[in-house]
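Open your viewer, switch to a cartoon view and keep the selection box handy. We'll hop from stop to stop, picking something and looking at what is around it.

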Amino acid sequence: MGMRDKKRNQKRVLARRIAGPRAGEGKDFLPLERGGPGKRLRTVQEPEEPENTATVVYIGHIPHGFYEDQMQGFFKQFGDIKRLRIARNRKTGKSKHYGFIEFESPLVAKVVADEMNNYLLFEHTLRVTLVPPEKVHPKLWKGVRRGFIPIDRVAIERKKHNKDKTTEEHKKMVEGIVKRDEKRRKRIKAAGIDYECPALLGSTQPSAKKIKFDEDQ
């Protein structure tokens, strides 16, 4: 075979490659589209998201100093606020660093939950989520209108301490003092300490004297 024949064969091979496979070739290959040509693919319909009706938003990791007035002023930029509450300690009145906000519109509540979640505020990362209506506690907003009024425990104990005691209450109080004093003396003696505790004054009350009156008087 000469050089001319080789060149002719090369040209024929290139021509076949450019022209594509002949009839009957390529039967081992499957079509990429399902159902073959001329058939449309079925589109899978994604389920529609249920309509949001939640208007209450839970806010966690609230920083110190960010209380009712500050929250009212900050979150009202999103929309109208219906009610707002921060969980507080009943005894001290201090914040528990979480609270709830109820908006007038469910759309506003969803925007707040989407945009403010993981928001960095005063070195605290807020946790904001929607609360479904069926999970809102019926007593969540009880007393929210009058605000939080902490109980003055000091005034209660002062009044309890300063009130006039009856004879039975005074006797019971003295008995308790005497018992505690005896236990203290025993502990000192058991420790090997030579110490004489001073006597308690007023631990013994004289019995009331009966006054007899003459019949003539």
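Is Glu-102 buried or exposed? Glu-102 counts as buried, because its relative accessibility is 9% (buried means under 20% relative accessible area, exposed over 50%, partly exposed in between, with a 1.4 Å probe and protein chains only).

Before going on, a word on what you have open: this is a predicted model, where local features need pLDDT of at least 70 and side-chain atom pairs count only at pLDDT 80 or more, while totals for chains, interfaces and linings use all residues. Residues are numbered from 1 along each chain as its sequence is written, and side-chain values use heavy atoms, with hydrogens and water left out.

**Stop 1: around Glu-102**

Keep Glu-102 selected and find strand E3, residues 95–103, where it sits. (Helices, H or I with at least four residues, and strands, E with at least two, are DSSP runs numbered from the N terminus.) Now show side chains. The side chain of Glu-102 makes a polar contact with the side chain of Arg-83, at 2.7 Å. A polar contact is a pair of N or O atoms within 3.5 Å; within protein, one must be able to donate a hydrogen and the other to accept it, and residues adjacent in sequence count only if both atoms are side-chain atoms. Not counting residues up to four places away in sequence, Glu-102 also touches others, including Thr-55, Val-56 and Trp-141 (contact means heavy atoms within 4.5 Å).

**Stop 2: the sheet**

Zoom out and colour the strands. E3 belongs to an open sheet of 4 strands in the order E2-E3-E1-E6, with antiparallel pairing. At the edges are E2 (81–88) and E6 (127–131), each pairing on one side only. From one strand to the next, the twist averages 20°. Two strands pair if DSSP finds at least two bridges between them.

Select E2 and E3 together: they pair in the antiparallel sense over 6 bridges. Try picking partners across the two strands. Leu-84 stands opposite Ile-101 in E3, and Ile-86 stands opposite Gly-99 in E3. Then follow the hairpin of E2 and E3 round its turn: there are 6 residues between the strands, and Gly-93 takes a positive phi near 80°.

**Stop 3: helices across the sheet**

Which strands does helix H2 lie across? Select residues 68–75 and you'll see H2 across E1 (56–60), E2 and E3, running at about 145° to E2. Next, select residues 106–116: this is helix H3, which lies across E1, E3 and E6 and runs at about 150° to E6. (Axes are lines fitted to C-alpha atoms, for helices over the stretch in contact, and angles run from 0 to 180 degrees between N-to-C directions.)

Within H3, click on Val-111. Val-111 is partly exposed, with a relative accessible area of 41%. Add Leu-130 and draw a line between the C-alpha atoms: the two residues are 19 apart in sequence and 9.9 Å apart in space.

**Stop 4: three loop residues**

Start with Pro-63, in the loop between E1 and H2. Pro-63 is buried, with a relative accessible area of 3%. Leaving aside neighbours within four places in sequence, Pro-63 is in contact with His-97, Leu-121, Phe-122, His-124 and Leu-126. The C-alpha atoms of Pro-63 and His-97 are separated by 6.5 Å, although their positions lie 34 residues apart along the chain when you count from one to the other.

Here's a handy rule for the next two: most residues other than glycine have a negative phi. Asn-118, in the loop between H3 and E4 (120–121), has a positive phi near 65°. It is partly exposed, at 49% relative accessibility. Glu-123 lies in the loop between E4 and E5 (124–125) and has a positive phi near 65° too. Glu-123 is exposed, with a relative accessible area of 78%.

**Stop 5: the rings**

Select Phe-66, Phe-74, Phe-75, Phe-78 and Tyr-119, which form one aromatic cluster. Rings of Phe, Tyr and Trp (its six-membered ring) pair if their centres lie within 6.5 Å; planes under 30 degrees apart count as stacked, over 60 as edge-to-face and the rest as tilted. By this rule the count comes to 7 aromatic pairs.

**Last look**

Zoom out to the whole chain: there are 5 helices and 6 strands, and 18% of its 217 residues count as buried.
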